Amino acid sequence: FFIVVMDVAPLGLYELNESVSDCLSQQFADPVWVVAEVISLSENRTGHCYLELIEKQEDGAIIARAKATIWASLYRQLKPYFIQATGTPLSVGMMVALQVEVVFHPNYGYSLNVKDINPEFTLGNRLLQRNKTIQRLHDEGVFGMNKELPLPALPYRLAVVSAQTAAGYGDFMNQLQSNPVGFKCYTHLFEATMQGETTSNSVIKALNDIEMTIDLWDCVVIIRGGGATSDLNGFDNLELARRIATFA
């Protein structure tokens, strides 16, 4: 066995953490702006908002992670401000630009205290991602492919992609069944999730199911009603957009 002789007294863990905290305080004496994706968000009963932030590579691999807090006194101001500016609440999956204070507590470790948020970055990033999806479809030569499919003069066999309980689906069926000329349609619902993280995969699955019986349908109708702007983010997904554009 080996005997290790220490020529200096070892540090206690608290003392080491205190030194780390002092170094960070000196290095980040002022708040800094950081860009990240919100991977989790929760509000507690006292009004504090707790976030987990990540950064991903192009292939989706997470390369950085940090916890952040918006204390209740500030969150009461930032929450309505962000909703008014973007039309949607701060939520999981968003890219955000936050002004943060970097802190390291000897007992709780590294975290970020949010001091401000830039809603224009979130709006710009959402538009940027949508434009990238559109440009990618153009580059692949499939953007207008679905438009070239022939449509019957009176399509009456409709494959409908929507959620059973969606208000938009109910309105669609009501208008269809009570049309003033009494035109009769046959519809079948291929149910899908129409908001949230599973939207794109769910709608793609519904389209795949429809394609298995494609000869039965004159057209496909995808119905998504109103709601928060962020609820529509799943429809900017490249794979879903490509599936719709190339659907035959």
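## Helix H2 and its surroundings

In this predicted model, the buried residues of helix H2 are Ala-72, Leu-74, Tyr-75, Leu-78, Phe-82 and Thr-86. An α-helix has 3.6 residues a turn, so residues three or four places apart point the same way. The buried residues of H2 pack against the strands E1, E2, E3 and E5, and also against helix H3.

The length of H2 can be checked against expectation: its 15 residues should span 21 Å at 1.5 Å a residue, and because the C-alpha atoms at its ends are 21 Å apart, the two values agree. After H2 comes Gly-87, a residue with a positive phi, near 80°.

## The nonpolar cores

The largest nonpolar core holds 21 residues, of which Leu-51, Leu-53, Ile-70, Leu-90 and Leu-98 touch the most other members. Two or more residues of this core come from each of the strands E1 (32-43), E2 (49-56), E3 (62-70), E4 (95-105) and E5 (109-117), and from helix H2 (72-86). Another core, of 14 residues, lies apart from the largest one, and its members include Val-161, Ile-204, Leu-207 and Leu-240.

Ile-70 shows what surrounds one such core residue: when its neighbours within four places in sequence are left aside, Ile-70 is in contact with His-48, Cys-49, Leu-51, Tyr-75, Leu-78, Leu-90 and Val-114.

## Thr-133 in helix H3

Thr-133 belongs to helix H3, which covers residues 119-139. With a relative accessible area of 11%, Thr-133 falls under the 20% limit and therefore counts as buried. Neighbours within four places in sequence aside, the contacts of Thr-133 are Asp-236, Asn-237, Leu-238 and Ala-241.

## Tyr-156 in a loop

Tyr-156 is placed in the loop that runs between H3 and strand E6 (157-162). Its relative accessible area is 41%, so Tyr-156 is described as partly exposed, a class that lies between the limits of 20% and 50%.

Not counting residues up to four places away in sequence, Tyr-156 touches Phe-183, Lys-184, Cys-185, Tyr-186 and Asp-218. Glu-191 is 35 residues from Tyr-156 along the chain, and the C-alpha atoms of these two residues are separated by 19 Å.

## A nonpolar patch on the surface

Nonpolar residues also appear on the surface, where Leu-11, Leu-13, Leu-16 and Val-20 form a patch that has about 360 Å² of accessible area together. One of these residues, Leu-13, is found in helix H1, which comprises residues 13-27. The relative accessibility of Leu-13 is 61%, which is over the 50% limit, and Leu-13 therefore counts as exposed.

Definitions and conventions: Residues numbered from 1 in each chain as written. Predicted model: local features only at pLDDT ≥ 70, side-chain atom pairs only at ≥ 80, totals over all residues. Heavy atoms only, no water. Patch = residues over 30% accessible without salt bridge, like charges linked within 9 Å, V, L, I, M, F, W, Y side chains within 5 Å. Areas by Shrake-Rupley, 256 points an atom, 1.4 Å probe, with all protein chains shown as cover. Salt bridge = Lys/Arg side-chain N within 4 Å of Asp/Glu carboxyl O. Helix = DSSP H or I, 4+ residues; strand = E, 2+ residues; numbered from the N terminus. Buried < 20%, exposed > 50% of the residue type's maximum accessible area, 1.4 Å probe, protein only. Contact = heavy atoms within 4.5 Å. Core = buried A, V, L, I, M, F, W, Y, C linked by side-chain atoms within 4.5 Å. Expected span 1.5 Å × (residues − 1).
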